[in-house]
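Subject: Structure for your review

Dear colleague,

Please find below the structure I am handing over to you, followed by an account of what was found in it.

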Amino acid sequence: MIVAPVLPDGWRLVALDSVGSTNDEAARLADAGATEGTVVWAREQTGGRGRRGRHWVSPVGNLYSSTILRPDCAAPRAAELGFVAALAVSDIVPAGRDVRVKWPNDVMVDGGKVAGILLESSIGQSGFVDHVVAGIGVNVGFAPQAAEMRYPGAALGGSVEAALERLAQSLAWRLAEWRHHGFETVRAAWLAKAGPLGIDVDVRLGEELVQGRFAGMDHEGALLLETPAGPRKIVSGELLGRAA
Ligand code: BTN
């Protein structure tokens with residue numbers, strides 16, 4: 001029996017069988033005035049989008065959801081919500097599995113990518129955020145594999161409905177934590193779940209590949225690296241494990 005997911009008080013579920021991208025549908029609803037906590041969930045996406053213009057493979061069996069947030073903050077702070085969302089995903093990983101967050105917004109389980117997060121913000125004329133769409137894809141039933149993936153995939157197991165319900169509860173809780181205690185609390189929680197400091201990593205910055213040691217995350221969410229040329233702060237890029 002399929003049980004409809006129950007969302008936190010005041011949240012609203014828009015459940016669809018199929019859609020191009022839940023992020024696009026959520027943005028459309030947000031522009032029309034939908035409130036924070038509106039969750040667009042689709043069984044499949046025909047045009048699922050990942051970061052950096054990538055395709056997000058989205059057949060039936062995994063979780064595809066986009067949640068409208070209205071954080072009422074200045075534009076540069078919107079990116080903090082990616083770390084909030086990554087922590088929310090990490091919270092729903094069953095006990096006994098090794099869960100790590102990977103800068104900026106990935107969640108890894110037992111060494112494989114289990115979820116991806118695509119944040120899309122709309123900024124008002126005042127420079128404040130009008131809304132953020134937090135698009136979250138979680139591998140529940142299966143782990144897609146693609147030749148270009150540097151990591152294997154991983155899947156949570158269980159039902160998509162249960163994963164959505166737990167994710168929404170956790171997102172609401174992590175969001176409240178961010179609002180009441182600020183980014184420092186989120187940053188500390190994120191660092192506690194990140195890979196150990198000092199491990200060798202590669203970071204792709206467009207065409208450039210920077211090699212260094214993971215040295216944490218700063219107070220604005222930038223990645224800190226120790227490179228042979230000295231410390232480096234990276235605001236936008238893609239963190240990769242060292243291939244060899
Ligand atoms: C990534 O590149 O890792 C981010 C992937 C984000 C995928 C999710 S699935 C739900 C939402 N709708 C989309 O089109 N993308 C996000």
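A polar backbone atom of Arg-49 lies 2.7 Å from a nitrogen atom of the ligand. Please note that the model is a predicted one. Two side chains also make polar contacts with the ligand. Gln-45 places a polar side-chain atom 2.9 Å from a ligand nitrogen, and an N or O atom in the side chain of Ser-21 is 2.8 Å from an oxygen atom of the ligand. The ligand would expose 420 Å² if taken alone, and 98% of that area is buried by the protein.

The shell around the ligand can be described further. It consists of 19 residues, of which Ser-21, Gln-45, Arg-49, Arg-51 and Lys-113 are the closest. By class, the shell residues comprise eleven polar, four charged and four nonpolar. Two or more residues each come from helix H1 (22–31), strand E3 (63–69), strand E6 (112–123) and strand E7 (129–138). Strand E6 contributes the most, with four residues.

Salt bridges

In total, the structure holds 21 salt bridges. As a general matter, side chains of opposite charge can pair when their charged atoms come close. Three of these pairs are described here.

The pair of Arg-51 and Asp-106 has its closest N and O atoms 3.3 Å apart. Arg-51 is in the loop between strand E2 (38–45) and E3, while Asp-106 belongs to strand E5 (residues 106–109), so this salt bridge ties together parts that are 55 residues apart in sequence. The two partners differ in their cover: Asp-106 has a relative accessible area of 4% and is therefore buried, whereas Arg-51 is partly exposed at 22%. Arg-51 is also one of the residues closest to the ligand. Which residues are linked with Arg-51 and Asp-106 in a network of salt bridges? They are Lys-102 and Lys-113. Lys-113, too, is among the residues closest to the ligand.

A second salt bridge joins the side chains of Glu-238 and Arg-54, with an N to O distance of 3.0 Å. This pair links distant parts of the chain, since Glu-238 is in strand E12 (residues 238–241) and Arg-54 in the loop between E2 and E3, 184 residues apart. Glu-238 is buried, with a relative accessible area of 14%. Arg-54, by contrast, has a relative accessibility of 39% and counts as partly exposed.

The third pair is formed by the side chains of Asp-218 and Lys-233, at 3.4 Å from N to O. Asp-218 lies in the loop between strand E9 (208–217) and strand E10 (223–227), and Lys-233 lies in strand E11 (residues 230–234), so the parts tied together are 15 residues apart in sequence. Asp-218 counts as buried because its relative accessibility is 10%, under the 20% limit for that class.

Aromatic pairs

There are two aromatic pairs in the structure. The distance of the centres and the angle of the planes serve to describe such a pair.

Phe-83 and Phe-183 form a tilted pair, with 5.9 Å from centre to centre and 55° between the planes. Phe-83 is found in helix H2 (residues 80–91) and Phe-183 in helix H4 (residues 183–193), so the pair connects parts that are 100 residues apart in sequence. Both Phe-83 and Phe-183 are buried.

The other pair consists of Phe-83 and Trp-190. Their ring centres are 5.7 Å apart and their planes stand at 90°, so this pair is edge-to-face; planes over 60 degrees apart fall in that class. Here again distant parts of the chain are linked, with Phe-83 in helix H2 and Trp-190 in helix H4, 107 residues apart. Trp-190 is buried, as is Phe-83. Together, Phe-83, Phe-183 and Trp-190 make up one aromatic cluster.

A further contact within the protein

Finally, I draw your attention to Thr-38, which is located in strand E2. Is Thr-38 buried or exposed? With a relative accessible area of 0%, Thr-38 is buried. A polar atom of the Thr-38 side chain lies 2.7 Å from the backbone oxygen of Thr-35.

Yours sincerely

How values were computed: Residues numbered from 1 in each chain as written. Predicted model: local features only at pLDDT ≥ 70, side-chain atom pairs only at ≥ 80, totals over all residues. Heavy atoms only, no water. Near = heavy atom within 4 Å. Polar contact = N/O pair within 3.5 Å; in protein donor to acceptor, adjacent residues only side chain to side chain. Areas by Shrake-Rupley, 256 points an atom, 1.4 Å probe, with all protein chains shown as cover. Nonpolar A, V, L, I, M, F, W, Y, C, P; charged D, E, K, R; others polar. Salt bridge = Lys/Arg side-chain N within 4 Å of Asp/Glu carboxyl O. Buried < 20%, exposed > 50% of the residue type's maximum accessible area, 1.4 Å probe, protein only. Phe/Tyr/Trp six-rings, centres within 6.5 Å; stacked < 30°, edge-to-face > 60°.
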